[in-house]
Amino acid sequence: MKKPFENKPANFIIFLFVSLYLFSCSQKNTETVLSDDEALVDESLTGKSELSNLPTIIAEQLLLADKNYTGLDKYPRSVENGETILVGIRDWTSGFYPGSLWYTYDLTKDEKVLAAAKARTAPLEPLKDATHTHDLGFMLYCSFGNALNIGGVESAKPILLQGAKSLISRYSETVGCIKSWDWSKEWKYPVIIDNMMNLELLFWATKESGDSTFYKIAEQHALTTLRNHFREDGSTWHVVDYDPESGDVLEKVTHQGYADSSSWARGQAWAIYGYTVAFRETKKEVFLKQAEQTTDFYLNHPNQPEDLVAYWDFNDPSIPDVPRDASAAAIVSSALFELANYVDADKGQLYKEKATAILESLASDQYLAKPGENNYFLLKHATGNLPANSEIDEPLNYADYYFIEALRRYLGKDAITTM
């Protein structure tokens with residue numbers, strides 16, 4: 001007579017094999033589902049993840065530049081015929097490389113980047129007394145301004161305040177603008193749309209010092225430029241020349257564009273960015289309206305390429321066989337991340353989407369160099385001054401600067417865009 005469970009070992013083995021088989025099938029199904037889910041998650045986050053990885057790549061490239069361009073008072077500006085153009089502190093672009101280092105330090109907290117930022121910023125201090133240029137905002141606020149706002153360098157304040165005083169020495173009450181160029185024999189009192197970018201230094205100076213003079217001059221410059229620089233469609237001329245005796249407009253030209261009547265891409269970018277800042281600081285609706293109008297002109301232009309990295313001039317008849325301007329695209333991307341905060345929700349969402357799309361295009365292999373390439377600049381395919389046959393389809397340090405700034409804003413590292 002069989003005892004209960006006498007055949008247990010055999011039954012157990014059969015049960016075990018069946019269980020393991022079923023578990024294995026179940027596990028495969030589970031793993032397949034998880035894999036699909038993970039793929040979906042990765043796919044949805046690909047853009048964010050790739051852009052989030054950029055700070056490390058940027059830091060590597062900027063440190064290579066710092067290592068290879070050893071003169072602390074020589075700043076990499078661009079490339080001509082394969083050779084890096086190094087400029088001194090008086091060049092209008094001198095503040096961009098130090099400013100890029102400060103932005104990159106903010107993104108990475110890399111002590112080597114911090115050391116380079118400090119070393120490259122210090123030689124610019126004499127510019128605080130410069131009255132030969134309207135570009136002190138670019139030169140000082142991008143460098144010492146970032147040192148203060150990111151690095152907490154309090155010694156930057158008196159330098160910036162003195163720089164603001166030097167800048168307003170170029171202001172004419174008769175014209176209502178800060179004069180741009182001194183070198184032209186053709187123009188009497190030229191004012192360029194780029195000059196809107198230097199007003200942020202003046203707005204800061206009033207907040208820091210309590211002296212409203214800086215604010216009033218910046219506001220009036222923006223108002224005068226608004227009145228004279230724009231066409232009905234929202235596009236802008238590059239240069240407006242004034243009679244310094246009467247303040248009357250003498251001529252409107254597009255010096256760095258295809259023709260006086262054309263829309264030079266970077267000029268539109270300066271206008272979008274400049275009037276976004278002017279609205280932020282003054283809350284004047286006319287400035288916001290102009291920023292929106294020029295943005296809509298820029299984004300919706302029939303000659304705007306699919307990747308949103310604009311041709312150097314929207315009206316060049318040889319489009320699409322003309323150079324792009326990655327600098328214009330980077331400036332617009334950065335500006336739109338801020339402008340999106342000031343418009344209605346639907347338009348704000350659109351502007352953020354366009355800003356992100358531009359940033360993603362610039363971060364692609366088509367435009368972003370790998371570390372060690374491109375003479376240690378970040379972006380390829382920018383255009384400086386095509387009519388002068390200068391810096392065509394080359395890197396530019398200000399393209400890099402606004403690219404990093406746009407990335408900071410995309411990643412939520414800029415208080416202005418996270419308000």
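A polar contact is a pair of N or O atoms within 3.5 Å; within protein, one of the two must be able to donate a hydrogen and the other to accept it. This tour of a predicted model uses that term at several stops.

**The whole chain**

Begin with the full chain in a cartoon view. Its secondary structure comes to 14 helices and nine strands. Of its 419 residues, 55% count as buried. Among contacts with a separation of 6 or more, 65% are made by residues 24 or more positions apart.

**Stop 1: Gln61 in helix H2**

Select residues 54–68, which form helix H2, and then pick out Gln61 within that helix. The relative accessible area of Gln61 is 1%, so the residue is buried. Which backbone atom does the side chain of Gln61 reach? The partner is the backbone oxygen of Phe377, at 2.8 Å. Now display the surroundings of Gln61, leaving aside the neighbours within four places in sequence. The residues in contact with Gln61 are Ala369, Lys370, Pro371, Gly372, Glu373, Tyr376, Phe377 and Leu378.

**Stop 2: from H2 to H4, and on to H3**

Keep H2 in view and add helix H4, residues 111–121. The axes of H2 and H4 are 10 Å apart, and the two helices pack at an angle of about 45°. H2 is therefore oblique to H4. The crossing of H2 past H4 is left-handed. To see where they meet, show Ala59, Leu63, Ala65 and Asp66 in H2 together with Lys112, Val113, Ala116 and Arg120 in H4.

Next, add helix H3, residues 96–108. The axes of H3 and H4 come within 8 Å and cross at roughly 155°. The two helices are therefore roughly antiparallel. H3 also passes H4 in a left-handed crossing. On the H3 side, the contact is made by Tyr97, Pro98, Leu101, Trp102, Thr104, Tyr105 and Thr108. On the H4 side, the residues to select are Glu111, Val113, Leu114, Ala116, Ala117, Lys118, Arg120 and Thr121. Val113, Ala116 and Arg120 of H4 thus take part in the contact with H3 and also in the meeting with H2.

**Stop 3: Arg77 in strand S1**

Move to strand S1, residues 75–80, and select Arg77. Is Arg77 buried or exposed? With a relative accessibility of 15%, Arg77 counts as buried, because the cut-off is under 20%. Two acidic side chains should be shown beside Arg77. The side chain of Asp91 makes a polar contact with the Arg77 side chain at 2.9 Å, and that of Glu391 does so at 2.8 Å. Beyond the neighbours within four places in sequence, Arg77 is in contact with Ile85, Val87, Asp91, Trp92, Thr93, Phe377, Glu391, Pro395, Leu396 and Asn397. Phe377, listed here among the contacts of Arg77, is the residue whose backbone oxygen is reached by the side chain of Gln61.

**Stop 4: helices H7 and H9, with Thr213**

Select helix H7, residues 156–168, and helix H9, residues 212–228. Their axes come within 11 Å and cross at roughly 45°. This crossing angle makes H7 oblique to H9, and H7 passes H9 in a left-handed crossing. The contact is made by Ala164, Lys165 and Ile168 of H7 and by Thr213, Phe214 and Ile217 of H9.

Focus on Thr213, which lies in H9. At 35% relative accessibility, Thr213 counts as partly exposed. The C-alpha atoms of Thr213 and Lys165 are 9.6 Å apart, with their positions 48 residues apart in sequence. Excluding neighbours within four places, Thr213 is in contact with Ile168 and Thr206. A polar contact of 2.8 Å joins the Thr213 side chain to that of Asp211.

**Stop 5: helix H11 and Thr294**

Finish with helix H11, residues 285–300. From first C-alpha to last, this 16-residue helix reaches 22 Å, close to the 22 Å expected at 1.5 Å a residue. Colour its buried residues: Phe287, Leu288, Gln290, Ala291, Glu292, Thr294, Thr295, Phe297, Tyr298 and Leu299. What covers them includes H9, H10 (265–282), H12 (326–339) and H13 (345–362).

Within H11, select Thr294, which counts as buried at 0% relative accessibility. Leaving aside neighbours within four places, Thr294 is in contact with Phe230, Gly234, Gln268, Ala271 and Ile272. As a last distance, the C-alpha atoms of Thr294 and Ala269 are separated by 8.5 Å, and these residues are 25 apart along the chain.

Technical notes: Residues numbered from 1 in each chain as written. Predicted model: local features only at pLDDT ≥ 70, side-chain atom pairs only at ≥ 80, totals over all residues. Heavy atoms only, no water. Helix = DSSP H or I, 4+ residues; strand = E, 2+ residues; numbered from the N terminus. Expected span 1.5 Å × (residues − 1). Buried < 20%, exposed > 50% of the residue type's maximum accessible area, 1.4 Å probe, protein only. Contact = heavy atoms within 4.5 Å. Axes fitted to C-alpha atoms, helices over the stretch in contact; angles between N-to-C directions. Parallel < 35°, antiparallel > 145°, perpendicular 65-115°, else oblique. Left-handed = near helix turned anticlockwise from the far one by under 90°.
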